[in-house]
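Here are some exercises to try with the model open beside you. Have a go at each task before reading its solution.

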Amino acid sequence: MRNTDTICALATAPGGALGVIRISGPGAFSAVSSLCDVPCDSVAANTIHYTRITTAPAGEGNQREVLDEVLLAVFRAPHSYTGEDAVEIYCHGSRYIANKMLELLLQSGCRMAQPGEYTMRAYLNGKMDLSQAEAVADLIASTNHATHRLAMSQLRGGITSELARLRQQLLRLTSLLELELDFSDHEDLEFADRTELLQLAQTIESHVARLARSFETGKALKQGIPVAIVGKTNVGKSTLLNRLLNEERAIVSNIHGTTRDTIEDTIDIQSVTFRFIDTAGIRQTTDTIEQIGINRTYAAIDKARIVLWIIDQAPTEAEQQDMASRCESKSLIIVRNKCDIADSPLTPAAILIPHFSYLQLSAKFDTDISALEQIIYNAANIPSMEEADIIISNARHYDALTRAQQSLRHVIDGLQHQLSGDLISEDLQQVLGELAEITGDGQITPNEVLGNIFQHFCVGK
């Protein structure tokens with residue numbers, strides 16, 4: 001990728017009412033000016049101009065036919081999305097107009113942009129870091145309020161700011177170690193002892209661990225929180241799925257064993273996506289195909305964060321013990337279905353499982369479905385997602401944080417076992433490198449350490 005090139009591309013889906021063509025690079029102004037009467041290199045930055053785009057570049061002696069009447073937005077470096085001179089052309093959404101305009105721009109010295117190249121240039125020109133660049137794709141792909149908030153927090157520098165604070169703490173820890181190494185034989189110098197170093201390292205490790213733990217929630221919000229609907233055959237699992245989805249998604253029959261494979265679909269509950277998995281009924285069977293479906297039911301339980309156990313009568317103690325063991329680290333919701341025809345009410349006191357939520361409803365008659373949705377949402381334990389909340393949703397960030405946490409544990413272990421400061425510094429540099437992978441920033445330089453020592457620490461009495 002050559003940043004000396006001037007690139008162009010259609011930034012909107014073709015066929016709509018309007019089209020936006022983006023041009024960025026050192027030749028953006030001259031390329032656009034050759035197609036119209038707006039001298040882009042001399043107009044004020046951040047201004048919009050009405051003009052006509054003509055079909056032949058100036059100076060060729062050809063008859064210039066008007067292609068379209070457009071608006072031009074002119075941005076001057078470094079105050080543009082890419083940090084370069086840039087122009088956006090707002091034209092009518094005709095495929096012919098857009099393609100012809102791109103053709104004219106190519107003739108004027110531009111080349112077609114590669115996928116993601118505008119954002120890549122923004123990163124290379126210091127307009128955003130790597131985590132913010134990744135947030136652009138997440139923002140485009142957001143499908144509900146929760147994923148939009150995640151992407152916006154990352155795009156506005158939430159993760160960047162959090163890592164900057166960690167970097168400052170690591171700089172302090174590194175500086176203290178440098179003092180220990182460089183001035184330990186001078187009795188008149190004052191610096192922190194190993195107890196302070198250990199406390200600081202443990203504080204940093206707890207912050208990194210908290211960020212890493214948030215990935216489970218972030219991943220679930222992006223991909224949809226998995227909810228397994230399980231139970232015996234013919235208890236109304238498929239009927240309940242259809243009621244939740246508000247469509248006839250699964251086949252409903254009074255014949256046992258109708259569902260032999262998992263059926264998945266998603267719905268949004270309070271702006272959070274939940275991925276429901278209807279499973280084969282659990283029972284003893286000699287049918288090979290049905291047994292495969294039952295095995296997939298158990299696999300769905302393993303992958304789910306929330307389990308809806310549908311029953312129509314009191315489960316046996318053995319059934320309860322089996323379900324409790326399978327849902328030990330999950331949110332279990334026991335749903336007593338068919339309450340409209342139940343011979344006797346079933347109270348939660350009859351359930352021996354330690355932790356669960358309970359609701360009686362009739363999926364057939366669509367009663368208390370909204371109450372179930374609220375219970376499902378509560379079981380997901382979604383954080384408040386205030387502006388200050390930092391939730392990791394990117395697997396690359398999680399991997400870097402996990403490795404940084406492991407290196408920090410080595411630092412803590414080294415401090416506890418009184419290892420030499422130079423050995424501990426090696427692990428600290430590893431931490432810095434792993435955190436720097438997230439944003440693409442550099443590691444702490446010797447000059448930063450030296451400056452921090454003289455600015456914040458007393459090196460003589």
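The two exercises below concern a sheet and a helix pair in this predicted model.

**Exercise 1.** Work out the strand order of the open sheet, and find which strands stand at its edges.

*Solution.* Start by laying out the 6 strands: they run in the order β3-β4-β5-β2-β1-β6, with mixed pairing. Next, look at the edges: β3 (47-54) and β6 (111-112) have a single partner strand each, so one side of each is left without a neighbour in the sheet. Now zoom in on β6, which pairs with β1 (residues 7-10) in the parallel sense over 2 bridges. In this pairing, isoleucine 7 stands opposite arginine 111 of β6. Finally, add the helices. Helix α2 (residues 95-107) packs on the sheet and touches β1, β2, β3, β4, β5 and β6, its direction making about 65° with that of β4. Helix α3 (residues 117-124) also packs on the sheet, where it touches β1, β2 and β6; its direction makes about 135° with that of β1.

**Exercise 2.** Describe how helices α7 (residues 194-223) and α12 (residues 395-416) pack.

*Solution.* Begin with the geometry: the angle is about 160° and the axes lie 9 Å apart. Angles over 145 degrees count as roughly antiparallel, so α7 is roughly antiparallel to α12. Then take the handedness: α7 passes α12 in a left-handed crossing. Now list the contact residues, which include Leu197, Leu198, Ile204 and Phe215 of α7, and Tyr398, Leu401, Leu408 and Ile412 of α12. Last, sort the contact by class: 17 residues are nonpolar, 4 are polar and 3 are charged.

How values were computed: Residues are numbered from 1 along each chain as its sequence is written. This is a predicted model: local features need pLDDT of at least 70, side-chain atom pairs count only at pLDDT 80 or more; totals for chains, interfaces and linings use all residues. Side-chain values use heavy atoms; hydrogens and water are left out. Two strands pair if DSSP finds at least two bridges between them. Helices (H or I, at least four residues) and strands (E, at least two) are DSSP runs, numbered from the N terminus. Contact means heavy atoms within 4.5 Å. Axes are lines fitted to C-alpha atoms, for helices over the stretch in contact, and angles run from 0 to 180 degrees between N-to-C directions. Angles under 35 degrees count as roughly parallel, over 145 as roughly antiparallel, 65 to 115 as roughly perpendicular and the rest as oblique. A crossing is left-handed if the near helix is turned anticlockwise from the far one by less than a right angle, and right-handed if clockwise. Ala, Val, Leu, Ile, Met, Phe, Trp, Tyr, Cys and Pro count as nonpolar, Asp, Glu, Lys and Arg as charged, and the others, Gly among them, as polar.
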